[in-house]
Amino acid sequence: MKFLCDGMLVGLARYLRFLGQDVVVVENFSGDLRHAGRYRERFFLTTSRRHYLLWPFPDKYLVSSGQTEDQFRRICSLFPVFQEMAFLTRCSRCNEKIVSLDRADVCGKVPEKVFQSIQQFYHCPRCGRIYWEGGHVQRLKDKLKRMGVPLGG
Ligand SMILES: [Zn+2]
């Protein structure tokens, strides 16, 4: 799905990106409101009642403020995010789709131990962040599974 998360929902945006959802974060609400038309195909999520009321399109949802994990569970129960799940295919920081990298290009850019033990690396073409499936990914997977995300492995 395509979402537009209000600025206070950066944590929620990251969780949704882990599942491959296309999530743009509002940087300046009044600025984005003036150009709301460009986000028309996105479902707007906010914790601000004021922003919710001001948003001109019907695809919007007022998220209760509180723990990011609770917000994430709620959105997972309301939207078909599991049907279109593509785990870890986007940069969690900037929403860009990550692409695979030549192993040779990674040498010296990640810790030596990581380089020796991992075969496949990816990076974000926008911010350059390098990704790989290490122990941190397994921990994230376990955490998401505890929150009800149907992930294998
Ligand atoms: Zn990035």
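Four cysteines hold the zinc ion in this predicted model. The protein donors are the SG atoms of Cys-91, Cys-94, Cys-124 and Cys-127, and they lie 2.2 to 2.3 Å from the metal. If you trace them along the chain, you will find the spacing C-x2-C-x29-C-x2-C. Cys-94 belongs to the loop between helix 4 (68-78) and strand 5, while Cys-127 belongs to the loop between strand 6 and strand 7, so this pair ties together parts that are 33 residues apart in sequence.

What is the geometry of the site of the zinc ion? The site is tetrahedral, with angles of 100 to 121 degrees among the four donor atoms. For comparison, the ideal angle for four tetrahedral donors is 109.5 degrees.

Here is how two of the donors fare for accessibility, where buried means under 20% relative accessible area and exposed means over 50%.

| Residue | Relative accessibility | Class |
|---|---|---|
| Cys-94 | 16% | buried |
| Cys-127 | 33% | partly exposed |

Cys-94 counts as buried because its value of 16% is under the 20% cut-off. Cys-127, at 33%, falls between the two cut-offs and therefore counts as partly exposed.

Now to the sheet. Three strands make up an open, antiparallel sheet in the order 5-6-7. Strand 5 (99-101) and strand 7 (130-132) are the edge strands, each pairing on one side only. From one strand to the next, the twist averages 45 degrees. Strand 6 covers residues 121-123 and joins strand 7 through three bridges in the antiparallel sense. To see this pairing for yourself, look for Tyr-122, which stands opposite Tyr-131 in strand 7.

How values were computed. Residues are numbered from 1 along each chain as its sequence is written. This is a predicted model: local features need pLDDT of at least 70, side-chain atom pairs count only at pLDDT 80 or more; totals for chains, interfaces and linings use all residues. Side-chain values use heavy atoms; hydrogens and water are left out. Two strands pair if DSSP finds at least two bridges between them. Helices (H or I, at least four residues) and strands (E, at least two) are DSSP runs, numbered from the N terminus. Axes are lines fitted to C-alpha atoms, for helices over the stretch in contact, and angles run from 0 to 180 degrees between N-to-C directions. Donors are N, O and S atoms within 2.8 Å of the metal (3.2 Å for Na, K and Ca); water is not among the atoms, so sites may look incomplete. Four donors count as tetrahedral if all angles lie between 85 and 135 degrees; four count as square planar and six as octahedral if opposite donors are over 155 degrees apart and all others between 65 and 115; anything else is irregular. Buried means under 20% relative accessible area, exposed over 50%, partly exposed in between (1.4 Å probe, protein chains only).
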